[in-house]
Amino acid sequence: MIYIEYEEMWGKIRLLEKECNDLINQREMLFNETQPKAAKLDSLKVDGNNPSNMFDIYVIKVNELDRKINNINKTLDDRYILLKRKRDELKASKNTYDRIYVYRYIERLSVFKIGILMGYEKTQIYRYLKKINKNTNMQQNATN
């Protein structure tokens, strides 16, 4: 059953996208720290012990985050190519579970239309979908 491998690959892509999104959020927070803020007028604050420049720290951290984001994006590009190959293999499969998975989750067909295409009753399609969902949920739990 190829759909299990496809779901595993898709789960890895989702994790990488989440990691990339977190890094982009960190970069945005760093930028917000460099923006000017209103001065507190009720007290005098002079920091003579801290000669570092906030912009220098920002540039160093942003370069590091950009490098990580670029690496993740390259990995994502490679994984999307592999996912497309797996999707093509999945569409060519003659396995009943794979065909139902393609119709329902990739082509987004209704259970009624899947039943017509496959020559099964709706209840049989629901039984297959229940087993597919069970297998994919087990696979998602294994990756998390």
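User: Let's start with Glu-7: is it buried or exposed?

Analyst: Go by relative accessible area, where anything under 20% counts as buried. This is a predicted model, and in it Glu-7 has a relative accessible area of 12%, so it is buried. Glu-7 lies in helix α1.

User: What does the side chain of Glu-7 make a polar contact with?

Analyst: Look for an N or O partner within 3.5 Å. For Glu-7, the partner is the side chain of Tyr-101, at 2.3 Å. Tyr-101 is among the buried residues of α3, along with Tyr-97, Asp-98, Ile-100, Val-102 and Tyr-103.

User: How do I describe the way α1 and α3 pack?

Analyst: Two packed helices are described by the angle between their axes and the distance between the axes. Here α1 and α3 meet at an angle of about 40°, and their axes are 8 Å apart. Angles under 35 degrees would count as roughly parallel, and 65 to 115 as roughly perpendicular; this pair is therefore oblique.

User: Which residues make that contact?

Analyst: From α1 you have Ile-2, Tyr-3, Tyr-6 and Glu-7, while α3 brings Tyr-97, Asp-98, Tyr-101 and Ile-106. Sorted by class, that's six nonpolar residues, two charged and no polar ones.

User: What about Ser-93, where does it sit?

Analyst: Ser-93 belongs to the loop between α2 and α3. The same kind of reading applies: its relative accessible area is 13%, so Ser-93 is buried. Its side chain joins that of Asp-98 in a polar contact of 2.8 Å. Setting aside neighbours within four places in sequence, Ser-93 is in contact with Ile-2, Asp-98 and Arg-99.

User: What should I look at around the ends of α3?

Analyst: Check side chains at the start and backbone angles after the end. At the start of α3, a side-chain oxygen of Asn-95 comes to within 2.8 Å of the backbone nitrogen of Tyr-97. Following α3 there is Arg-108, with a positive phi near 60°.

User: Last one: in the largest nonpolar core, which residues touch the most other members?

Analyst: Think of a core as buried nonpolar side chains linked by contacts. This one has 29 residues, and Leu-90, Ile-100, Ile-114 and Ile-125 touch the most other members. At least two core residues come from each of α1 (2-34), α2 (54-92), α3 (96-106), α4 (111-118) and α5 (122-143). Take Ile-125 as a case: not counting residues up to four places away in sequence, Ile-125 touches Ile-100, Val-111, Ile-114, Gly-115, Met-118 and Tyr-120.

Technical notes
Residues numbered from 1 in each chain as written. Predicted model: local features only at pLDDT ≥ 70, side-chain atom pairs only at ≥ 80, totals over all residues. Heavy atoms only, no water. Core = buried A, V, L, I, M, F, W, Y, C linked by side-chain atoms within 4.5 Å. Buried < 20%, exposed > 50% of the residue type's maximum accessible area, 1.4 Å probe, protein only. Helix = DSSP H or I, 4+ residues; strand = E, 2+ residues; numbered from the N terminus. Contact = heavy atoms within 4.5 Å. Polar contact = N/O pair within 3.5 Å; in protein donor to acceptor, adjacent residues only side chain to side chain. Axes fitted to C-alpha atoms, helices over the stretch in contact; angles between N-to-C directions. Parallel < 35°, antiparallel > 145°, perpendicular 65-115°, else oblique. Nonpolar A, V, L, I, M, F, W, Y, C, P; charged D, E, K, R; others polar.
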